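Visitor: I would like a close look at a single part of this structure, taken slowly and with its surroundings included. Please choose a helix and the sheet beside it, and then follow the threads that lead away from there.

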Amino acid sequence: MKIGKYNIKVLQTANFALDGGAMFGIIPKPLWQKTNPADELNRVTLSANCLLLEYDNKKILVDTGLGNKWEEKSKSIYNIEQNEIGIIETLKQYGITVDQITDVILTHLHFDHTGGSTRIVDGKIIPTFINAAYYIRKKNFNWAMSPSERDRGSYIKDNFEPLAKEGVIKLLNDDEDFDDEISLINIHGHTFGQQLIKISDSSDTILYCGDLLPFSSHLHLPYIMGYDLQPLVTLEEKKSILAKAADENWQLIFEHDPLVKCATVKRTDKSFSIKEIIEVK
């Protein structure tokens, strides 16, 4: 895929599992299991689909997956399936080493989006991408450093505190974008200060949907995660963004969908649905 000057790859770095009820909120299981079947523990499968943007010497990573700093108990709870060191091994398949990544844009700091941002070397947790700057909204960083009791478990500080200590985090204000082709859309329903990555040129647009639309099945407006801090805000954000995506034929990349990585969307009578599935590598 190519938009403007950027060549774009979708990297499937891991599969893991979360409770199906939590992933679909108030939607009854007989409905959501049609598209996302649950296992014997009521867990549905998620992918950690990261994005790689390349232009000249620029190699930009969007989100970093789960990383490899997991104890066996947590691996079992989340049914984590990945390469030995996740994002690192996935990049090697494309001939890219950690020191070649120039920038890392993080949608937000939940553990399944930023786990690969740090790694353990000689017993110390250090930034994985030693030559990269890491971009995150200031609002989300501040929230992650002092989350509520409700969502504290979603933030693992070993994934981002070492970045701050090493001085490689770039905290962005709400009105800041990355460059003239990569804009950052602020949303606050799932967590405060999440940023969606929109890549555009004069004719095409790709939107990396983060946790606004984890699965393609979340195109249905009422399908909203139980994890979301402000579900009614999520609903309004979905209405606004999906209307633009349908009208302007955006390609949407679903960060957690193990089957549908990318699609265009269309309006239905009361909601939105897939218009065309786009094959990506």
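Guide: What follows is one connected account that begins with a helix and its sheet and then moves outward to other parts of the chain.

The model is a predicted one, and the part chosen here is helix α8, which covers residues 231–248. With 18 residues at 1.5 Å a residue, α8 should span 26 Å, and because its end C-alpha atoms are indeed 26 Å apart, the expected and the computed lengths agree. The residues of α8 that are buried are Thr-234, Glu-237, Lys-238, Ile-241, Leu-242, Ala-243, Ala-245 and Ala-246, a list that includes Glu-237 and Lys-238 alongside Ile-241 and Leu-242. These buried residues pack against β11 (182–187), β12 (194–200), β13 (205–208), β14 (251–253), β15 (262–267) and β16 (272–277).

Those six strands form an open sheet with mixed pairing, in the order β11-β12-β13-β14-β15-β16. Its edges are β11 and β16, each of which pairs on one side only, and the twist from one strand to the next averages 35 degrees. Helix α8 packs on this sheet, touching β11, β12, β13, β14, β15 and β16, and its direction makes about 100 degrees with that of β15. Within the sheet, β13 and β14 run parallel and are joined by 3 bridges, with Ile-206 standing opposite Gln-251 in β14.

At the end of the helix, α8 is followed by Asn-249, which is found in the loop between α8 and β14. The phi of Asn-249 is near 60 degrees, a positive value in a residue other than glycine, and with a relative accessible area of 39% Asn-249 is partly exposed. A second residue with a positive phi that is not a glycine is Asp-122, at about 55 degrees; Asp-122 is placed in the loop between β7 (118–121) and β8 (124–127), and its relative accessible area of 80% makes it exposed.

Returning to the sheet, the approach to its edge strand β11 deserves attention. Glu-181 lies in the loop between β10 (169–172) and β11, and at a relative accessible area of 16% Glu-181 is buried. Leaving aside neighbours within four places in sequence, Glu-181 is in contact with Ile-3, Gly-4, Lys-5, Tyr-6, Lys-198, Ile-199 and Ser-200.

From here the account turns to another group of strands. Strand β3, residues 43–55, has 11 of its 13 residues buried, so β3 is largely enclosed by the rest of the structure. Strand β2 (residues 6–19) runs antiparallel to β3 and is joined to it by 11 bridges, and in this pairing Leu-46 of β3 is the bridge partner of Phe-16. Strand β4 (residues 58–62) also pairs with β3 in the antiparallel sense, over 5 bridges, and Lys-59 in β4 is the bridge partner of Glu-54. Together β3 and β4 form a hairpin with 2 residues between them, and Asp-56 in the turn has a positive phi of about 50 degrees.

The largest nonpolar core has 24 residues, of which Leu-61, Leu-91, Ile-101 and Phe-129 touch the most other members. Two or more residues of this core come from each of β3, α4 (87–92), β9 (133–137) and α6 (138–145), and α4 gives the largest share, 3 residues. Apart from this core lies another, of 23 residues, among them Tyr-6, Val-10, Ile-182 and Leu-184. As for Leu-91, its contacts beyond four places in sequence are with Leu-11, Leu-52, Leu-61, Ile-96, Ile-101 and Phe-129.

The cysteines complete the account. The count of disulfides comes to 0, and Cys-50 is in none, the nearest cysteine sulfur being that of Cys-209, 14 Å away. The sulfur of Cys-209 is 8.8 Å from the closest cysteine sulfur, in Cys-262, and is therefore too far for a bond, given that a disulfide requires sulfur atoms within 2.5 Å. Both Cys-50, at 1% relative accessibility, and Cys-209, at 0%, count as buried.

How values were computed. Residues are numbered from 1 along each chain as its sequence is written. This is a predicted model: local features need pLDDT of at least 70, side-chain atom pairs count only at pLDDT 80 or more; totals for chains, interfaces and linings use all residues. Side-chain values use heavy atoms; hydrogens and water are left out. Helices (H or I, at least four residues) and strands (E, at least two) are DSSP runs, numbered from the N terminus. The expected span of a helix is 1.5 Å times one less than its number of residues. Buried means under 20% relative accessible area, exposed over 50%, partly exposed in between (1.4 Å probe, protein chains only). Contact means heavy atoms within 4.5 Å. Two strands pair if DSSP finds at least two bridges between them. A nonpolar core is a set of buried Ala, Val, Leu, Ile, Met, Phe, Trp, Tyr and Cys residues joined through side-chain atoms within 4.5 Å. Axes are lines fitted to C-alpha atoms, for helices over the stretch in contact, and angles run from 0 to 180 degrees between N-to-C directions.
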